[in-house]
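Q: I'd like to go through the labels used for this structure and see what each one rests on. Please set the values against the cut-offs as we go.

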Amino acid sequence: MNTLPIVSSKAQIVDSEDIRAVVETLQSDWLTTGPQVEAFENDFASFVGAKEAVAVNSGTAALHASMAAIDIQPGDEVVVPAITFVATANAIVYEGGTPVFVDVDVETLLIDPQKIEEKITAKTKAIVAVDYAGQPCNYDALQAIAIKHNLFLIADACHAIGGVYKGKKVGTLADLNTFSFHPVKNITTGEGGMITTDNEKFAREMRCFRNHGIETDHHQRAQKGTWYYEQKILGFNYRLTDFQCALGRVQLKKLPAWIARRQKIARQFDQAFLNSGFVKPLTKNSEIIHAYHLYVVKLNFRDYSITREQVFTMLREKGVQVNVHYLPVYLHPFYREKYGAAKRLCPVAEQVYEEILSLPVSPSMSDTDVDFVIDQLFEF
Ligand SMILES: *Cc1c(COP(=O)(O)O)cnc(C)c1O
C-alpha cells in the first residue's frame, strides 16, 4: 500500500528568511532581552489590534503570567473547559487556585456557556475560554457571564492565532489573551508565548513577572547607564530570547497566507465528509473565522464496528499523522488524585473524547496529500 512521505511529522515551516533573521540576531549585540523582543511585541500587538503584547518563553508561561496578573490566590476558583491541554488548568494550580471544570458543547468542543453559571461560587474569580482547534468561543455569552458575576475573562488562544469572532480578532476578545509558539502551533519560535491585553497595568506587571519580579530589564538599564534594580514581586525567568523573537516576526508575516491555506484544506475535508456516515467534522459556528490549528472529526465507531485504536494505528502506519486532542483534563492522574475529580464530572467531554480524531492540517500539505488522508479514512 502507498504511504505518504510528504506529510511528515514535521509541524513547523522554517525557510531561508527565518534562518537569516535568526542568524542576524545571533551576530548582533543582544541574544536576549534586546530590541527584537519589543519589536516582536509591537508587531504582534498591531497584528491582533491590542494595545499591549507581552512576550514570554511559552504558552504555559503566558497562562501563568495571566493568572498572576489577575492575582489568583490560594482558594480562588477559575472555570476552565474539561477538554483542553493540561497547561490551561496547571497555570491556575501554579498560583494556588482551583480549576473548576465545565463541560463542552457536543458539536464544537468549546466550553458550554450554559453550564458555567451553575459552577460559579463566591470564590470564582475568572473564566478561561479555550478556542479549541482554532475556533473562537462564544465570547458574547462569555462576556455577559463575566460581567454579571464580576469575573475576569481569559482567552487561551494557543490554537487560534489568526482567528476572528464577529469581526474582532482573536487576541482582543478577553481581558488577557494567551498564545503559544511551540512548533505544532500556527506560528513558531521553537518555544515561546505571548499575552495580549488592552490593560496597561497588567502588561507592566507581566513584564515584571517574566523577569524575576524585577521592574527594569537589562536592556533598559544599559540604555540608562545604571546598574541598580529592585525586585518588587516574586517573579520567574519567563523571558523569550531576541533570536526567537526575530524568528517570530518573520513567522507572523506569513501567518495570513498560512491561515488561508489551512482554511482551504478544511474546506476540502468538509466537502469530502459531507455525506459520510462514518466521519463527522466538528461544527463551525457562523460569524467566526476559524484558524484551523486542528481539524477534528468525530468517528462513528459504533455503526462501523471498529475501534479508535485500530483507526489510529492503521493511519499512522500509512504515514498519516493523526492525533487525539485531548483526554478530559480532570481524568489525568494528577487531577484525579489531587482534586478527587470523579468520572462523569463532564459527561459530554468524556463521551466525545472517545469519538474524536485530529486529522493532519498544515500549510505544507498539498491537495493530493489531503485527498490521500481522505481516501485512507474512507477505507474503513
Ligand atoms: C500549546 C498549548 C498550551 C501551552 O503552550 P506551550 O507553549 O506548549 O507551553 C496551552 N494551552 C493550549 C490550548 C495549547 O494548545
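A: Happily! Let's start with a pair of side chains, Glu 17 and Lys 253, which meet in a salt bridge with N and O 2.9 Å apart. The two partners come from distant parts of the chain, 236 residues apart, with Glu 17 in helix α1 and Lys 253 in helix α8 (residues 242-273). Before going further, note that this is a predicted model, where local features need pLDDT of at least 70 and side-chain atom pairs count only at pLDDT 80 or more, while totals for chains, interfaces and linings use all residues. Residues are numbered from 1 along each chain as its sequence is written, and side-chain values use heavy atoms, with hydrogens and water left out.

Q: What makes the contact between Glu 17 and Lys 253 a salt bridge?
A: The term asks for a side-chain nitrogen of Lys or Arg within 4 Å of a carboxyl oxygen of Asp or Glu. Here the N to O distance is 2.9 Å, so the pair qualifies. Side chains of opposite charge can pair when their charged atoms come close.

Q: Why do Glu 17 and Lys 253 get their exposure labels?
A: Buried means under 20% relative accessible area, exposed over 50%, and partly exposed in between (1.4 Å probe, protein chains only). Glu 17 has 28%, so it is partly exposed. Lys 253 reaches 59% and therefore counts as exposed.

Q: How do you know that Lys 201 and Glu 205 form a salt bridge, and how are they placed in helix α6?
A: Their closest N and O atoms are 3.2 Å apart, which meets the cut-off because that limit is 4 Å. Both sit in helix α6 (residues 200-209), four residues apart, so about one helical turn separates them. An α-helix has 3.6 residues a turn, so residues three or four places apart point the same way. Lys 201, at 46% relative accessible area, is partly exposed, and Glu 205 is partly exposed too, at 32%. Elsewhere, salt bridges that share partners join Asp 15, Glu 17, Asp 18, Lys 253 and Lys 254 into one network. The structure holds 17 salt bridges.

Q: What makes α3 mostly covered?
A: Helices are DSSP runs of H or I with at least four residues, strands are runs of E with at least two, and both are numbered from the N terminus. In α3 (residues 59-69), nine of the 11 residues are buried, among them Leu 63, His 64 and Met 67.

Q: Why is Ser 58 called a cap of α3?
A: A side-chain oxygen of Ser 58 lies 3.3 Å from the backbone nitrogen of Thr 60, at the N-terminal end of α3. A polar contact is a pair of N or O atoms within 3.5 Å; within protein, one must be able to donate a hydrogen and the other to accept it, and residues adjacent in sequence count only if both atoms are side-chain atoms, so 3.3 Å fits the distance limit.

Q: What is unusual about Asp 71 and Leu 109?
A: Most residues other than glycine have a negative phi, and most peptide bonds are trans. Asp 71 has a positive phi near 60 degrees, and it comes just after α3. Leu 109, also not a glycine, has a positive phi of about 65 degrees. Asp 71 is partly exposed at 40%, whereas Leu 109 is buried at 1%.

Q: What makes a residue part of the shell around the ligand?
A: One of its heavy atoms must lie within 4 Å of the ligand. There are 15 such residues, the closest being Gly 59, Thr 60, Asp 156, Ser 180 and Lys 185. Helix α3 gives the most, with three residues.

Q: Which side chains make polar contacts with an oxygen atom of the ligand?
A: Polar side-chain atoms of Ser 180 at 2.7 Å, Lys 185 at 3.0 Å and Tyr 326 at 3.5 Å are among them. The peptide bond from His 325 to Tyr 326 is cis, with omega near 0 degrees.
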